[in-house]
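Biologist: I would like to learn how to read packing and voids from a coordinate file. Could you take me through one case?

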Amino acid sequence: MSANDDPRRYQHLSALRLEDPDAVARAAATRRRHPGLKYGVQNFIVAADHPARGALSVGNDPVAMADRRDLLDRLQIALANPAVDGVLASPDIMDDLLLLGALEGKLVFGSMNRGGLAGLVNEIDDRFTGHTAAALEALGADGGKMLTRICLGDPDTVSALEATARAVDSLAARKLIAMVEPFLSIWQNGKVRNDLSPDGVIKSIAIAQGLGSTSAYTWMKLPVVAEMERVMAATTLPTVLLGGDPEGTQDEVFASWQAALALPGVQGLTVGRTLLYPADGDVAGAVATAASLLKTPVLQSSAKVSE
C-alpha cells in the first residue's frame, strides 16, 4: 500500500487530545448519522478493535497492526468508499476517527469487552474494559459488539456469559444493537482455539442468542464456515459475517463470503484484517471487491424483475 509516510501526519490528533479533549464529544454530537437499516440492503462494516485485545498479527506478520498511523491510513481509505456503511472500533480508534471526521453518515459500533487479551492465562474471562452502553448512547452510536467465547472446560465461561447478558440488556434498554460474536472454544496447548465446525458454530449460536432478557436488539456476528445454510438455519437474528484472519487466497475467501451473503438473514459483512491488510497491499481494491458482493437496492430490483 502506498501511503503518506510523514510521521507528523496525525500530530494534530495528539494536539487536540492534549489541549481540547472535549473535541471528541463535539465531533460525536455533530456527526451526521447513518440513514437507517433496511432488510435486504446488506451493510458493510469495517472492524478495527483487534489491537485493544493485544491481537496485532495479520497472517505471518506478528505486528502488522502495531503502527497506529498506518492503521488510520488504511481505515480512512476503507471508509472513503461510499459502500462502506460504518465501523466497529475500540474507544481509542473510534475517537481518532471522530476527530478525523471519517464517520459522517456511517454506522458506529463500539467494542465493549477487550479484557480477554490474546494469550492471557485467563483469556476466557473476557472483561468489559471498552465501551459501555451509556458511553455508546452518548456518542450517538448504533450499538456495541461483544466477543463471547464459550469454553465448557473453563469455569470463567459462566461469568463471561453473565457479563454478556448484562451488556445485551443494557444496550436494549437504550434501543442499541447488541452485536454478539460467539464461539465454542477450547484450550489447546496453552492457547484458546475456536471450534469452526458447523456443529460448533450452531451450538454457540444457540447459547448466545438466548443471553439477556430480550433479543429484540441482538444481532449475531458469525464466521463463514462449511454448511452455512445449516448454520444460518439456527437463528432468526440479523447476522453479519466476520472475516477473521482467514487461510486461503483472497479469491477463495471472497467466494466463500459471496455464497454466505446469499443466505436469508445475512445482513452484511463486519470485516477487518482481511481487507485492511490484503496480501497485495491494495486496501481500496480489496474493499471495492468485498463491496461488490453485497446486496444493494439496484440488485434487489433487478432480481425481482427476473423472477
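Modeller: Start with the core, meaning a set of buried Ala, Val, Leu, Ile, Met, Phe, Trp, Tyr and Cys residues joined through side-chain atoms within 4.5 Å. Buried means under 20% relative accessible area, exposed over 50%, and partly exposed in between, with a 1.4 Å probe and protein chains only. Here the largest nonpolar core has 70 residues, and those with the most contacts inside it are Phe-44, Leu-75, Leu-97, Trp-257, Leu-269 and Leu-275. A second, separate core of 9 residues includes Ala-47, Leu-107, Phe-109 and Met-179.

This is a predicted model: local features need pLDDT of at least 70, side-chain atom pairs count only at pLDDT 80 or more, and totals for chains, interfaces and linings use all residues. Numbering runs from 1 along each chain as its sequence is written, and side-chain values use heavy atoms, with hydrogens and water left out.

Biologist: Leaving aside neighbours within four places in sequence, which residues is Phe-44 in contact with?

Modeller: Contact means heavy atoms within 4.5 Å. On that basis the partners of Phe-44 beyond four places in sequence are Ala-83, Val-84, Asp-85, Gly-86, Leu-269, Leu-275, Val-287, Ala-290, Ala-291 and Leu-294.

Biologist: How should I read the buried residues of a helix?

Modeller: An α-helix has 3.6 residues a turn, so residues three or four places apart point the same way. Helices (H or I, at least four residues) and strands (E, at least two) are DSSP runs, numbered from the N terminus. In helix H11 (residues 283-291), the buried residues are Val-283, Ala-286, Val-287, Ala-290 and Ala-291. Seen down the axis of H11, these fall within an arc of 135°, so they line one face of the helix; the arc is that of the directions from the helix axis to the C-beta atoms. Their cover includes strand S1 (43-48) and helix H9 (250-261).

Biologist: How many cavities of 30 Å³ or more does the structure hold, and what lines the largest?

Modeller: On a 1 Å grid over the protein atoms alone, a cavity is a set of points where a 1.4 Å probe fits but cannot get out; lining residues have an atom within 4 Å of a point. Grid points are joined across faces, edges and corners, and a volume is the space filled by probe spheres set on the points. The structure holds 1 cavity of 30 Å³ or more, and the largest has a volume of about 40 Å³. Its lining includes Asn-113, Asp-126 and Arg-149. Strand S4 (143-150) gives the most to that lining, with 3 residues.

Technical notes. 1 Å grid on protein atoms, 1.4 Å probe; cavity = no way out; pocket = protein on both sides within 12 Å on 5 of 7 lines; lining within 4 Å.
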